[in-house]
Amino acid sequence: MTLTGLARLNEADAREARALLLACAAVPRWAEQIVQGRPYADVETALTAARAAARPWSEEEVDAALARHPRIGERPQGADADAAHSRREQAAVDGVDPETARRLREGNAAYEERFGHVFLIRAAGRSAAEILAALEERLTHDPATERRIAAEQLREIAVLRLQKELA
Ligand SMILES: NC(=O)NC1=NC(=O)NC1=O
């Protein structure tokens, strides 16, 4: 039986529900916490719980989850569920003009050089130009600010992915 919508979280067996959540953010403690909170009365309640449970992610959890995200502009490879999410989210930067592609590549490299982790942005709903502007603006931040912003974008992506899964 194919489960749809909220049932995909509430009625799936724990292993499947955990896998669905891990594709939203590779933070096992968070996935387990959401699984334990089942059943959720409605999608909004589930998303609110996911957002609240994501707030206290540790530095290590943020680093591990960041490592799962392909660079913006690099076609996400792989058959894993999170790669499929990335491909959909990054559609805006598919087939950009060479100049934008070059500036994204150079910006990503400069960002990783300066901050030691991938530039992460909630790409869904943003144009390539908006993403590039954010990248070039965020390059001017100090490391602590960027850690905070990257963690916030990670939470936003996780909740958006869950919302998509439960739609
Ligand atoms: N480096 C990134 O920002 N990657 C991503 N942002 C998204 O919204 N999905 C990704 O894979």
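Q: In this predicted model, which helix holds A50?
A: The model is predicted, not experimental. A50 falls within a helix. That helix is α4.

Q: Is A50 buried or exposed?
A: The relative accessibility of A50 is 0%. Buried means under 20%. A50 is under that cut-off, so A50 counts as buried.

Q: How far apart are the C-alpha atoms of A50 and E113?
A: Along the chain, A50 and E113 are 63 residues apart. In space, their C-alpha atoms are separated by 32 Å.

Q: Where does P39 lie, and is the peptide bond from R38 to P39 cis or trans?
A: P39 lies in the loop between α3 (28-36) and α4 (43-54). Most peptide bonds are trans. The bond from R38 to P39 has omega near 0°. That bond is cis.

Q: Which residues come nearest to the ligand?
A: There are 13 residues around the ligand. Five of them are named as nearest. They are S86, E89, F119, I121 and A123.

Q: What is the distance from an oxygen atom of the ligand to an N or O atom in the side chain of S86?
A: A polar contact needs N or O atoms within 3.5 Å. The side chain of Q90 has an N or O atom 3.3 Å from a ligand oxygen. For the side chain of S86, the distance to a ligand oxygen is 2.7 Å.

Q: Which atom type of the ligand lies 2.8 Å from a backbone N or O atom of F119?
A: Here F119 takes part through its backbone. The ligand atom at 2.8 Å is a nitrogen.

Q: How much of the ligand's accessible area does the protein cover?
A: On its own, the ligand has 290 Å² of accessible area. The protein covers 100% of that area.

Q: Which elements give two or more residues to the shell around the ligand?
A: The space taken by the ligand is the largest cavity. Two or more shell residues come from each of two helices. These are α6 (81-89) and α9 (143-166).

Q: How many residues of each class does the shell around the ligand have?
A: Polar residues number three, and charged residues also number three. The nonpolar residues number seven.

Q: Is F119 buried or exposed?
A: F119 sits in the loop between α7 (98-115) and α8 (128-138). Its relative accessibility is 1%. The cut-off for buried is under 20%, so F119 counts as buried.

Q: How far apart in space are F119 and L139, C-alpha to C-alpha?
A: In sequence, F119 and L139 are 20 residues apart. In space, their C-alpha atoms are 9.1 Å apart.

Notes:
Residues numbered from 1 in each chain as written. Predicted model: local features only at pLDDT ≥ 70, side-chain atom pairs only at ≥ 80, totals over all residues. Heavy atoms only, no water. Near = heavy atom within 4 Å. Polar contact = N/O pair within 3.5 Å; in protein donor to acceptor, adjacent residues only side chain to side chain. Areas by Shrake-Rupley, 256 points an atom, 1.4 Å probe, with all protein chains shown as cover. 1 Å grid on protein atoms, 1.4 Å probe; cavity = no way out; pocket = protein on both sides within 12 Å on 5 of 7 lines; lining within 4 Å. Sits in = over half its atoms within 2 Å of the grid points. Helix = DSSP H or I, 4+ residues; strand = E, 2+ residues; numbered from the N terminus. Nonpolar A, V, L, I, M, F, W, Y, C, P; charged D, E, K, R; others polar. Buried < 20%, exposed > 50% of the residue type's maximum accessible area, 1.4 Å probe, protein only.
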